[in-house]
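Reader: I am new to this structure and would be grateful for a close look at a single part of it. Could you take one sheet and the elements packed around it, and then follow it outwards to what lies beyond?

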Amino acid sequence: MTERSSPLSLSRRRLLVTTAAAGAAAIFASTTSFTPALSADDPRKGGDITFLIDSLGDTWIPNNSAISSFQGHIWGHVTDKLVYVDADGKVSPWLAERWEQNDDATQFTLHLKSGVTFSDGTPLDASAVVANLDIWYAGRKSEGINPIGLFPKTYDHAETVDAATVKVFFKKPTLGFIPTLGYHGSILISPKTIAAPAAQQADLSKTSGSGPYVVDSWKEGDFVTLTRREDYNWGPAAVGHTGPAFLDTITYKLVSEPSLRVASVQSGQADIAYNASPQELQSLKEEGFTIATPRYLGFVNGWAINTKLAPYDDVKVRQALQASINRQEIIDTVYTSDWKLATSFIQSNVPGATDHGDLLTYDPAKAERLLDEAGWVKGADGIRTKDGKPLSLTLHSNPYLATSRSIDELIAQQLGKLGWKIDIRAYDVVTYGQKVTYGGPAVPAYEVTRSFIDAGTVASILTNANNGENWFALGESDAKLNELRDRIAGAGSVEIRNPLLDELQKYVLEQGYFIPRTQIVQRIYVQSPRLTGETYNGVAYASYYTATISD
Amino acid sequence: MRNAYLTYAAKRLVQAVVVILLAYVFTFVVVSILPGDPITNVLRNPQNGFTETEIEEIIAAQGLDKPVLVQLSTSLSNFLTGDLGLSMRTNRPVTTLIAEVLPSTLVLASAGLAVALVLALVIAYGTRFLPKRFGQGLLRDFPSLFLSVPNFVIGLVLIHAFGFQLGLFRVIQPDSFWATFFAAIALGIPISAQIAEVLIANLDHESEQEYAAVARSRGIGQMRLFAKHLLKPSSLPVVTVIALTIGELLGGSLITETVFGRNGIGSLVQRSVTTQDLPVLQAVVSLAAVVFVLVNLIADLVYPLLDPRVKLLGAPERRPAAADESSVNVSKVVTS
């Protein structure tokens with residue numbers, strides 16, 4: 001590992017000078033385009049970086065851990081995927097050089113890149129891809145290897161056509177299959193690892209992927225060190241580089257105290273601090289550190305409203321709630337300008353997302369009028385009542401989002417001015433999982449923080465058809481929502497699907513089924529200015545495959 | 001005397017086995033009555049997209065749907081055959097997980113205890129022999145001060161001062177010498193307070209004894225008086241306190257390890273508690289029970305070596321009991 005200059009003498013002036021020099025180096029590096037191959041004497045080659053992370057997750061069984069917000073960072077470097085999905089949701093070839101589908105999106109043919117190998121020497125060919133597809137779909141439940149929960153449940157089987165061609169069959173149209181291949185869980189693992197028992201798969205050093213880095217050493221709950229794979233030559237073209245990585249090693253080190261993670265980067269002891277507090281970002285930017293707040297592809301942070309529970313069975317009350325939230329104030333107070341206003345119930349970078357910001361305008365006069373019309377009368381204490389019952393809303397702060405409670409408190413103030421009586425409850429992750437569910441008997445609003453890779457999966461989640469999650473407790477009662485769901489699920493092309501998605505977004509927001517708060521940033525990176533060239537994929541993971549570090 | 005030692009040790013070992021088994025069952029009961037487990041907690045996270053049918057299938061495949069008593073008897077029979085099982089959180093053998101982190105905790109706990117002992121001795125010596133103008137009185141307040149400052153605060157102050165400002169160690173290398181040294185200080189300071197308090201009280205008592213007055217009248221130097229005459233009789237209750245602080249060393253190591261980013265038993269427990277990883281918790285609680293029993297056994301066996309007046313319960317009398325007024329059973333050791 002390269003030793004950093006001693007922080008012993010790191011005065012503010014020296015920090016400024018270092019920052020300025022590194023900034024100049026960063027500008028220089030950013031103006032230099034990537035070349036497809038990396039020569040041995042490439043000046044960009046070399047260097048070691050340390051990434052401070054708040055957790056290293058739980059099990060390392062690939063199927064059970066790839067969805068983890070923490071372990072996904074490591075998997076992103078140790079493994080590859082069949083397709084690449086960038087931060088804007090654009091799907092491009094990776095290990096699948098091209099693909100075809102039939103008209104009703106029930107059969108797909110994948111053509112694989114040749115010459116790709118796993119780090120254990122096994123070729124990444126058609127049979128390896130079939131083994132991966134099968135384990136993603138079914139897992140080996142009796143051994144404790146789970147299926148990938150978000151892999152299409154319409155999967156039927158896959159077969160090898162030849163060494164470089166795979167044919168995949170689905171029971172129903174599954175337009176989202178190709179984008180799903182770029183999602184968290186769809187990491188390609190060596191068939192030898194897949195065949196190994198669960199306890200062996202749980203040992204990260206025994207897992208072989210085909211990624212640009214391999215696991216050098218690791219210790220549970222402590223660190224993972226990755227080293228460059230010299231023969232790697234199959235990176236995604238979309239990132240502008242396909243040869244071996246530049247950095248020699250990447251160490252992910254667990255430091256659970258957030259202030260220590262940031263202070264370590266400030267003092268030059270580490271290069272990246274993950275999940276800093278939003279309140280710190282502005283001052284860190286001013287100090288010259290690189291701040292990245294990539295948005296994942298998925299739902300915005302907001303509430304799925306339980307329409308079975310009074311008074312939210314009344315569309316006017318839901319619409320009043322939609323108009324009562326000052327979303328700009330949330331960004332100004334809790335977040336920074338790096339966060340974006342919600343313009344739909346899905347993030348604006350999702351392909352197929354359309355701008356319905358006009359339906360999400362803060363309009364207290366409209367909210368008051370709608371509540372008056374619905375029969376909710378403001379009492380002397382400022383609380384609206386109807387038939388002796390107060391206009392109440394119980395919020396359960398989402399334990400997976402650190403800022404959730406602060407936003408709840410701010411919204412409680414906003415709604416309180418309009419006559420709402422707000423009760424905020426905060427549970428730990430375990431209790432939250434037990435007590436707070438979509439459409440639960442005491443849950444009028446379920447706070448959503450959730451990513452997805454393809455908007456086509458959205459409609460079926462919202463209702464209860466095909467094991468859907470019935471977010472709004474509507475069952476099959478809303479004919480229009482059901483119709484949109486069925487037409488989106490059956491769409492054979494994005495050209496057919498996009499107008500339907502637009503209609504769905506407008507309808508869900510107009511009906512007040514989903515109340516967006518803000519677009520979500522769940523991964524915050526504070527980075528040394530010496531480190532440049534990293535990329536962020538569609539699920540907001542940073543990849544240092546293309547990154548370089550200056551002295 | 002040797003037979004007495006063996007009989008006594010054997011009795012204590014039988015007691016220890018019972019304590020360990022009880023600790024094992026108790027942990028199982030406490031963790032089992034809490035809602036959730038590491039597997040279903042992950043499966044029920046909506047982000048993971050599992051259907052209710054899939055969740056039920058996986059739970060059944062893992063045997064988590066079986067009655068609690070059946071699960072307990074399976075777990076207990078495995079434990080009795082030395083099989084600690086697999087961690088539910090990581091799917092790795094519990095013995096491997098503990099073996100990976102135990103050395104780090106042992107190093108920290110030993111260093112923390114050493115720091116605590118040195119600090120306690122310095123404070124105790126100072127309160128007796130430091131000239132008043134150098135703050136002899138003030139030293140007596142140190143134990144209260146040390147006890148009232150949480151060790152995570154001490155840890156954060158040390159990290160910022162010596163890690164970030166002076167650069168003596170890198171936070172990302174918590175097992176380096178200096179990082180371990182400062183972690184040991186953070187862990188040792190509150191423990192030193194308890195030892196120092198007992199030591200000061202006993203030194204006060206011993207220095208009023210006639211033999212101390214005789215020694216002083218013979219012109220023995222302060223350091224010699226302290227080390228040769230006062231310290232030994234004053235340290236008997238200190239042994240008891242040290243045995244009792246083992247729990248605090250283990251508990252304190254949880255916080256210290258978290259603050260310093262060390263991967264030890266404390267941080268393993270923290271991760272296992274937050275995810276309700278029952279097999280790991282049962283193993284660690286049993287290990288803690290073993291350590292407690294062993295340390296207390298060692299403390300009991302050390303008493304007679306420090307003070308010949310102390311005798312083990314059941315040891316043959318060397319002299320008629322009536323003539324040995326000062327003999328004390330280990331279970332009734334005078335602590336002040």
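Author: Two strands are said to pair if DSSP finds at least two bridges between them, and the strands themselves (E, at least two residues), like the helices (H or I, at least four residues), are DSSP runs numbered from the N terminus. What follows describes a predicted model, in which local features need pLDDT of at least 70 and side-chain atom pairs count only at pLDDT 80 or more, while totals for chains, interfaces and linings use all residues. Residues are numbered from 1 along each chain as its sequence is written, and chains are lettered from A and ligands numbered from 1 in the order in which they are written.

The part chosen here is an open sheet of chain A, built from 7 strands in the order 8-9-10-1-11-21-12 with mixed pairing. At its edges stand strand 8 and strand 12 (290–292) of chain A, each of which pairs on one side only. Neighbouring strands of this sheet are turned by 20° against each other on average, direction ignored. For such angles, axes are lines fitted to C-alpha atoms, for helices over the stretch in contact, and angles run from 0 to 180 degrees between N-to-C directions.

At one edge, strand 12 of chain A runs antiparallel to strand 21 (residues 525–527) of chain A, and 3 bridges join the two. Within this pairing, Thr290(A) has Gln527(A) in strand 21 of chain A as its bridge partner. Helix 8 (residues 258–266) of chain A packs on the sheet, where it touches strand 1, strand 11 (272–274) and strand 21 of chain A, and its direction makes about 165° with that of strand 11 of chain A. Contact here is counted between two residues whose C-beta atoms, placed from the backbone, lie within 7 Å.

Helix 3 of chain A lies across strand 1, strand 8, strand 9 and strand 10 of chain A, and runs at about 145° to strand 8 of chain A. Because 8 of the 8 residues of helix 3 (residues 71–78) of chain A are buried, this helix is largely enclosed by the rest of the structure. A residue is called buried if 20 or more other C-beta atoms lie within 10 Å of its own, exposed if 12 or fewer, and partly exposed in between, with C-beta atoms placed from the backbone. Among the buried residues of helix 3 of chain A are His73(A), Ile74(A), Trp75(A) and His77(A). The partners against which the buried residues of this helix pack include helix 2 (62–65), strand 9 (223–228), strand 10 (249–254) and strand 24 (542–543) of chain A.

At the other edge, strand 8 (residues 213–219) of chain A contains Lys219(A). Lys219(A) counts as partly exposed because 15 C-beta neighbours lie inside 10 Å. Not counting residues up to four places away in sequence, Lys219(A) touches Glu100(B) and Asn263(B), which leads to the other chain.

The contact between the chains takes 41 residues from chain B and 42 residues from chain A. Among the elements that give two or more residues to the side of chain B that touches chain A are helix 5 (94–129) and helix 12 (236–260) of chain B. By class, this side of chain B has 16 nonpolar, 17 polar and 8 charged residues, where Ala, Val, Leu, Ile, Met, Phe, Trp, Tyr, Cys and Pro count as nonpolar, Asp, Glu, Lys and Arg as charged, and the others, Gly among them, as polar. Chain B as a whole has 14 helices and 2 strands, and buried residues make up 36% of its 336 residues.

Returning to chain A, its domain assignment gives domain 1 (48–294 + 524–549) and domain 2 (298–519), such bounds coming from an automatic or database domain assignment. The centres of domain 1 of chain A and domain 2 of chain A, taken over C-alpha atoms, are separated by 31 Å. Their contact takes 22 residues from domain 1 of chain A and 19 residues from domain 2 of chain A. On the side of domain 1 of chain A that touches domain 2 of chain A, the elements that give two or more residues are helix 5 (177–180) and helix 9 (281–286) of chain A. The residues of that side divide into 11 nonpolar, 7 polar and 4 charged.
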